Amino acid sequence: MTIDLKTVKKISKLARISVDDKKAKKLESDLNSIFEFIEKLNQLDTSKSEPLTSVVDAKLQLRKDEIKSQNIRDQILKNSPDDNKDFFVVPKVIE
Amino acid sequence: MSNITDLTLVDLVEKIKKKDLSSKEITKAYVERAEKSKKLNTYITEDFNNALKKADNFDNSPDFDKKIPGIPIAVKDLFCTKNLRTTAGSKILENFIPTYESTVTNNIWNEGGILLGKLNCDEFAMGSSNETSFFGNVQSPVAEKLVPGGSSGGSASALAAKLTPTTIGTDTGGSIRQPASFTGIVGLKPTYGSCSRYGIVAFASSLDQAGPMTRDVKDCALMLSIISSYDNKDSTSINFKREDYLKKLNKSIKGKKIGIPKEYRVEGMPKEIEDLWQKGITIAKEAGAEIVDVSLPNTNYALPAYYIVAPAEASSNLARYDGVKYGFRSEGKNLIDMYEKTRSEGFGNEVKRRIMIGTYVLSSGYYDAYYLKAQKVRRLIKDDFDDVYKKVDAILTPSTPSTAFKIGEKTNDPVSMYLNDIFTVPVNLAGLPAISIPAGHDQKGYPLGLQIIGKAFDEQNILNIAYSLQEEVNFKNKMNDWWM
């Protein structure tokens with residue numbers, strides 16, 4: 001299968017990465033060569049194989065549901081590109 | 001006495017315990033050498049002044065019961081360090097200051113280590129040559145204009161150039177072992193679940209593992225016993241009995257069954273790598289190991305499966321970089337526009353490429369054909385190893401299908417870059433431990449590595465085999481400090 005420009009644009013929309021026409025062209029060719037390589041998997045019969053999601057057999061550990069507050073709001077907000085000292089600030093969403 | 005920076009970690013620890021050397025002397029020696037080695041571009045963030053202060057503090061009230069008392073260490077910039085910038089080699093995290101410390105680095109400081117600074121790496125650990133970092137490519141100390149490998153390229157380069165006595169990296173598809181092989185050092189990827197992933201910038205969570213990169217196998221055993229720990233902050237951390245890997249290190253290779261997988265004899269592999277593999281086999285045999293021909297029939301499918309699984313997990317892990325809570329933001333007309341511009345400008349080309357692959361294979365209508373298929377293939381690859389381990393104790397292969405290449409040589413061809421990892425990726429898919437040790441040089445004098453793959457949680461065994469091989473191989477680094 002081949003990935004066309006329209007598909008590249010669609011994926012970029014889903015991935016929330018803006019892509020101009022020149023970059024889309026380059027991505028189209030890169031992704032096609034990568035998928036050509038990936039398609040090799042179709043030679044393999046996997047009908048009897050169970051999907052492997054994790055190599056760890058252990059059950060997930062449960063922990064007590066308790067608050068472990070470190071009171072580091074200000075430090076966390078310091079890393080944000082824009083805040084009003086109490087909250088993260090983003091462009092207006094509701095008109 | 002020889003140069004401080006020539007000593008192994010184990011020797012340094014001994015000297016500091018005997019009070020032959022102070023922490024300050026050691027730290028100063030490394031800082032001075034790093035100052036003269038800027039050309040290699042190994043550091044993203046230096047923390048030298050703090051390191052020297054901490055060394056002073058250590059000398060004033062030393063605690064020699066620690067495993068690495070007063071020893072300075074630089075680490076890959078993928079480990080979050082509290083109050084010290086952590087970038088993952090990305091513009092999007094250029095100014096990120098973590099409010100917490102990764103468990104693995106915390107373990108190192110708890111045993112007396114002192115942070116020297118943060119080492120360059122491929123952006124979000126995505127790359128095999130350290131050319132995708134926002135902070136510029138890393139030079140290999142082996143030769144000018146040569147890549148150190150990746151993604152832990154800064155770590156490999158800094159260690160090989162003797163800018164840190166030891167270091168740690170992370171390995172998702174070979175990111176410790178491939179650069180170790182390219183620069184003539186030892187690198188170990190532990191069993192999945194051995195070293196906590198807490199505080200490590202996530203790439204592909206079902207594959208990522210931290211591990212030591214060291215001058216020799218003894219140092220590697222020491223570092224592993226420090227960083228490996230059960231951690232309830234990582235839900236995939238496994239609670240098993242960890243050994244004192246250094247104390248139990250021995251050359252017991254006699255009677256060990258070592259498998260040689262025929263599928264690793266790939267087309268186009270240079271003769272010198274084939275010869276090196278043969279040399280490893282001969283040494284193991286002479287030391288009393290039993291060599292067994294084995295087959296891992298699905299090896300060829302590991303890399304394509306990896307390039308579905310890893311990008312899929314990455315696309316989901318990297319969704320958090322949206323310009324809101326931390327990191328770089330580019331202004332937009334509205335929220336969505338802001339997200340799209342931020343991610344477009346904040347991520348480099350390789351990271352964007354992988355997010356796009358991951359988004360595509362997880363998108364509606366393609367999930368079964370790609371992602372589910374890859375997970376089924378992953379099962380077959382793990383089954384291959386399980387079958388082989390009924391017959392052998394460990395597997396011996398070359399670490400990489402080629403030696404280090406020139407900077408820029410493979411940047412325009414992603415698939416040829418990906419092929420670097422054909423011998424290392426299957427190990428991550430199966431969650432197994434594997435070590436790469438330097439074992440020889442090619443005609444140009446570039447190092448070559450051998451990889452020993454073990455059963456899950458059998459790190460002691462592969463360390464022991466590596467230790468026996470190391471003695472016989474007698475690898476000598478040929479570096480001449482050309483960059484100074």
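In which helix of chain B is the place of B:N461? In this predicted model, B:N461 belongs to helix α15 of chain B, which covers residues 459–473. The residue is buried, because its relative accessible area of 8% falls under the 20% cut-off. Leaving aside residues up to four places away in sequence, the contacts of B:N461 are B:K256, B:D393 and B:A394.

A useful counterpart is B:D56, which sits in helix α3 of chain B, spanning residues 48–60. Here the relative accessibility is 32%, so B:D56 counts as partly exposed, between the limits of 20% and 50%. For a sense of distance, the C-alpha atom of B:D56 lies 34 Å from that of B:A125, with the two positions 69 residues apart along the chain.

Attention turns next to the nonpolar interior. The largest nonpolar core has 177 residues, and the members that touch the most others are B:F124, B:F385, B:I435 and B:L463. Helix α9 of chain B, residues 302–317, makes the greatest contribution to this core, with 10 residues. The surroundings of B:F385 can be listed in full: beyond residues up to four places away in sequence, B:F385 is in contact with B:Y264, B:L296, B:I395, B:P426, B:A430, B:L432 and B:I453.

The interface of the two chains can be described in similar detail. On one side, 51 residues of chain A take part, and these are in contact with 62 residues of chain B. The area buried between chain A and chain B comes to about 5,300 Å², with 68% of it given by carbon and sulfur atoms. Polar interactions are found here as well: between chain A and chain B there are three salt bridges. One of these joins the side chains of A:K13 and B:E340, with an N to O distance of 3.1 Å. In addition, 18 residue pairs are in polar contact across the interface, both partners having pLDDT 80 or more.

Which helices of chain A each supply at least two residues of the side that touches chain B? They are α1 (5–14), α2 (21–38) and α3 (73–78). Of the elements on this side of chain A, α2(A) gives the most, with 10 residues. By residue class, the side of chain A that touches chain B is made up of 28 nonpolar, 13 polar and 10 charged residues.

Note on methods: Residues are numbered from 1 along each chain as its sequence is written. Chains are lettered from A and ligands numbered from 1 in the order in which they are written. This is a predicted model: local features need pLDDT of at least 70, side-chain atom pairs count only at pLDDT 80 or more; totals for chains, interfaces and linings use all residues. Side-chain values use heavy atoms; hydrogens and water are left out. Helices (H or I, at least four residues) and strands (E, at least two) are DSSP runs, numbered from the N terminus. Buried means under 20% relative accessible area, exposed over 50%, partly exposed in between (1.4 Å probe, protein chains only). Contact means heavy atoms within 4.5 Å. Buried area is the accessible area (1.4 Å probe) that two parts lose on being put together, summed over both. A salt bridge is a side-chain nitrogen of Lys or Arg within 4 Å of a carboxyl oxygen of Asp or Glu. A polar contact is a pair of N or O atoms within 3.5 Å; within protein, one must be able to donate a hydrogen and the other to accept it, and residues adjacent in sequence count only if both atoms are side-chain atoms. Ala, Val, Leu, Ile, Met, Phe, Trp, Tyr, Cys and Pro count as nonpolar, Asp, Glu, Lys and Arg as charged, and the others, Gly among them, as polar. A nonpolar core is a set of buried Ala, Val, Leu, Ile, Met, Phe, Trp, Tyr and Cys residues joined through side-chain atoms within 4.5 Å.
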